[in-house]
Amino acid sequence: MTLILSSTLSAQIMEGELRITVRDQGGRAVAARAELSARNPHFRAAAQADSAGNVRLLRLPQGIYRLTVTHHGFEPFGDTIEIRSAVPQEREVILKVGAVATEITVQAIAPLLDRAQPGLVMQGGREQLEETLGTTLGRGAIDVVTTMPGWLVEANAVLHPRGSEYDTQYVIDGMPLYDNRSIAFAPAFENNEFEAVNIMTAGIPPEYGRRLGGVIALDTRRISRPGHASEADFQAGSFGTYFGSLAHQYRADRTAVSLGVHAGYTDRYLDPPSLENFTNKASAGGFNARLEYDLSSRDRLTVYLRSNRTGFLVPNDLAQQAAGQRQDRASAETAGQAHYQHTFSARALGSVRGMVRDLTARLWSNTLSTPVYADQDRGFREGALIGSFTIDSERHTLKFGGDLRINNVRESFRFAEPDELPNFDLNFTEHHRSTEAAAFIQDHFRLGNFAATAGFRVDRYSFLVKDTAFSPRVALSYYVPPADLMLRASYDRVFQPPPMENLLLSSAASGLDLDDVKGALAVPPSRANFYEIGLRKPIGNRLRLDVSHYWRTFRNYIDDDVFFNTGLSFPITFDTARIQGTEVRLEMPRWRGFSSFVSYSNMLGKASSPVTGGLFIEGGEAEELREGVERFPISQDQRNTLAAQVRLEPHRRLWFMTGIRYGSGLPVELDDDDDDDDDDGEQEDDHERATPIPHAILDRVNFERGRIRPNFSLDLSLGLRLWQRDARSVTTQFDVRNATDRLNVINFSGLFSGTALAPGRQITVQIKTRF
């Protein structure tokens, strides 16, 4: 089983291991201290050797590190270490007896450029996760991702990587999740549980599959310190937001255990359609547990459990609030993962993973709901068996395998006009089983200044439709020593099955005798070709510049549609799409208490009708898209996006941080009436007559250009470590988001989306304790 099965996304980004044996010049063991440090991102791991001189550093991200080994009476030892896979590395260190007056005045630092990595992986470490500005529930991890170029956040914290809808893949400790993880669909991941985030949008190895618009790998907290350690965090802020978490960790020689709980409440959960922020309360809570146990020096077992719940109200617009509407939604997820790893030799490692998961999402309404009464109960129960086999050598890292994933999907949906209750226009209940399997082989090759990742994968998909796909992938890089410059290029063939959320109803609607549904087709899988060229260059070993240009072509481009104004979205596909853009990131990792970054993205995305899958609604622009061939901007077509941040630490207990976010605005989806040759003011009058939209919101829309006006946010933060003794500390952080209290419109009412407003000024106080 180990030789055959392998994870579609067990990229082992944070599963490296370094085993060090420390001796003196006479061969005697030395109980020295070993420390690894990296700058991409800022990462530090340290451990004390035992009486036999053995020390192990576990759960290391792939990359280049500076190793330092120290002990009183000996000269410090330093070397560069490369972690390329989960295969444990062994290193023997010989310490020399130090001179009496020895003083170290110059210390080498880890390099900014990994010359052997052909794919670009954007990374955020524990410091960035912990210092994220306070916000409302469920948005902390998303906020870190959107500091990277190419990522756009739309209403209700929906992430769009390079213009893709539904194509974000999360990976939790090597286990891929393919469902929609926006806060309206599933319980959110909170920063307090994670050690690092790794992000990819191109040069994606063949082991990754199914959702490839962008990959977000989250690794749970490392347990590095022997003995007991605890963390308690609390934050309070605007919109009646409160959040608290408590975690405890324990590490012994062969065992590591962590437990965590969290809970929160807010009066502003989703992005509302009105300035008044009607009915937008939410509460959330959950727990997680992790066990690592070394069965032997070659075998390790890891078990990870999590369970999270969220309950919230759907925010009303003015008309719904006047009618007395109340719609409740709730989501719950419980998951268990197990991972067994065996080291066959110093160059070969195999692992097997398993997961069972249950996710439920519900919506229910009162009888005053308008324009329709809606009730939904959907979910799935998932089982996955995955693994990996890796062979590592000086020039090659070979990996091969496959996976099997089975989902039992269920949907129950009914709606009616409120005055016709208890009679329903639709009462739909269905369940179906999906089976997905994949196999891949890949090689990471390194030769001098050249590096490459090449391979292919085969996917088999069986749900409402059946399909098989072959996907070759290649990523190349070449390092130019005179210019200290690395050039990159990649090609990814992508196969993406349709999203499972509301897929049963969307595909079956044509047979449900609905008056307004003209027809429906089963949503087909999407195929795409991703191309990228780019460069990475250190500047004075202080700054790092990344530049990428990409273009993507899609067949059966996946999007979504809102069903009868219920707030529920259903997947649809357009015939084709083409997206291209340029991304730039200039970053200064921490240097003398100063760090900063600037991320910029320019993107152009166009899709072409007809609609090739999903619901078809009679009349208006939807019917034109169903029957004709048109080219139009994709709903995520924001041309210019900018994020920047500066952090200053004048004292080891004090830091300041300021940042800005800018977006040039999404396209506005106007109805047929707005396509007439009317002037700008007449179009605004049409919108005002159709729905009571305040002038403050209308002023944020440029109807002549068909786009929302630019959004901007100025953010400020002040951190103070009140007390610290060894690893124990108390820290407070004061944050202000959108300090100018600017009204930013995310989406404006149209065919495929409703109006959504970004938060105004948010003030948050955070307190973090470590003991």
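Two rings of Phe, Tyr or Trp, the last taken by its six-membered ring, form a pair if their centres lie within 6.5 Å. Ring pairs of this kind link Tyr-170, Phe-189 and Phe-194 into a cluster. The structure described here is a predicted model.

**Overall make-up**

The chain has 771 residues, and 57% of them are buried. Its secondary structure comes to 7 helices and 42 strands. Of the contacts between residues at least 6 apart in sequence, 69% join residues at least 24 apart. The exposed surface of the chain is about 30,200 Å², and carbon and sulfur atoms supply 55% of that area.

**Aromatic pairs and charges over rings**

Searching the whole structure gives 16 aromatic pairs. One of them is formed by Phe-574 and Phe-632, with ring centres 5.1 Å apart and 75 degrees between the planes. The pair counts as edge-to-face because angles over 60 degrees between planes fall in that class. Phe-574 belongs to strand 31 (residues 569-591) and Phe-632 to strand 33 (residues 631-633), so the pair ties together parts that are 58 residues apart in sequence. Phe-574 is buried, at a relative accessible area of 1%. Phe-632 has a relative accessibility of 17% and also counts as buried, because the class takes in values under 20%.

Two arginines place their charged ends over aromatic rings. For Arg-162 the ring is that of Tyr-550, and the distance to the ring centre is 4.1 Å. For Arg-268 the ring is that of Phe-239, with 5.7 Å to the centre.

**Two open sheets**

Strands of a sheet pair through backbone hydrogen bonds, in a parallel or an antiparallel sense. Two open sheets are described here.

An open sheet of 4 strands runs in the order 3-2-5-6, and its pairing is antiparallel. Strand 3 (42-48) and strand 6 (77-83) stand at the edges; each has a single partner strand, so one side of each is left without a neighbour in the sheet. Ignoring direction, neighbouring strands of this sheet are turned by 20 degrees against each other on average. Within the sheet, strand 2 (residues 33-39) pairs with strand 5 (residues 63-70) in the antiparallel sense over 5 bridges. Glu-35 stands opposite Thr-68 of strand 5.

An open sheet of 5 strands has the order 8-13-14-11-12, and here the pairing is mixed. Its edges are strand 8 (122-124) and strand 12 (175-177), each with a single partner strand, so one side of each has no neighbour in the sheet. The average turn between neighbouring strands of this sheet, direction ignored, is 20 degrees. Strand 11 (residues 168-172) pairs with strand 12 in the antiparallel sense over 3 bridges. Ile-172 has Met-175 in strand 12 as its bridge partner.

**Backbone particulars**

The table lists two cis peptide bonds and two residues other than glycine with positive phi.

| Site | Backbone feature | Value |
|---|---|---|
| Leu-421 to Pro-422 | cis peptide bond | omega near 10 degrees |
| Ser-609 to Pro-610 | cis peptide bond | omega near 15 degrees |
| Arg-210 | positive phi | phi near 75 degrees |
| Arg-592 | positive phi | phi near 50 degrees |

The two prolines sit in unlike surroundings: Pro-422 is in the loop between strand 23 (396-416) and strand 24 (426-447), whereas Pro-610 is in strand 32 (residues 594-617).

Arg-210 lies in the loop between strand 13 (194-200) and strand 14 (214-220), two strands that are adjacent in the order 8-13-14-11-12 of the sheet with mixed pairing. With a relative accessible area of 2%, Arg-210 is buried. Arg-592 is found in the loop between strand 31 and strand 32. Strand 31 also holds Phe-574 of the edge-to-face pair, and strand 32 holds Pro-610. Arg-592 is exposed, with a relative accessible area of 73%, and this class applies because the value is over 50%.

Methods
Residues are numbered from 1 along each chain as its sequence is written. This is a predicted model: local features need pLDDT of at least 70, side-chain atom pairs count only at pLDDT 80 or more; totals for chains, interfaces and linings use all residues. Side-chain values use heavy atoms; hydrogens and water are left out. Buried means under 20% relative accessible area, exposed over 50%, partly exposed in between (1.4 Å probe, protein chains only). Contact means heavy atoms within 4.5 Å. Accessible areas come from the Shrake-Rupley method with a 1.4 Å probe; for residues, only the protein chains shown count as cover. Rings of Phe, Tyr and Trp (its six-membered ring) pair if their centres lie within 6.5 Å; planes under 30 degrees apart count as stacked, over 60 as edge-to-face and the rest as tilted. A charge sits over a ring if NZ of Lys or CZ of Arg is within 6 Å of the ring centre and within 35 degrees of the ring normal. Two strands pair if DSSP finds at least two bridges between them. Axes are lines fitted to C-alpha atoms, for helices over the stretch in contact, and angles run from 0 to 180 degrees between N-to-C directions.
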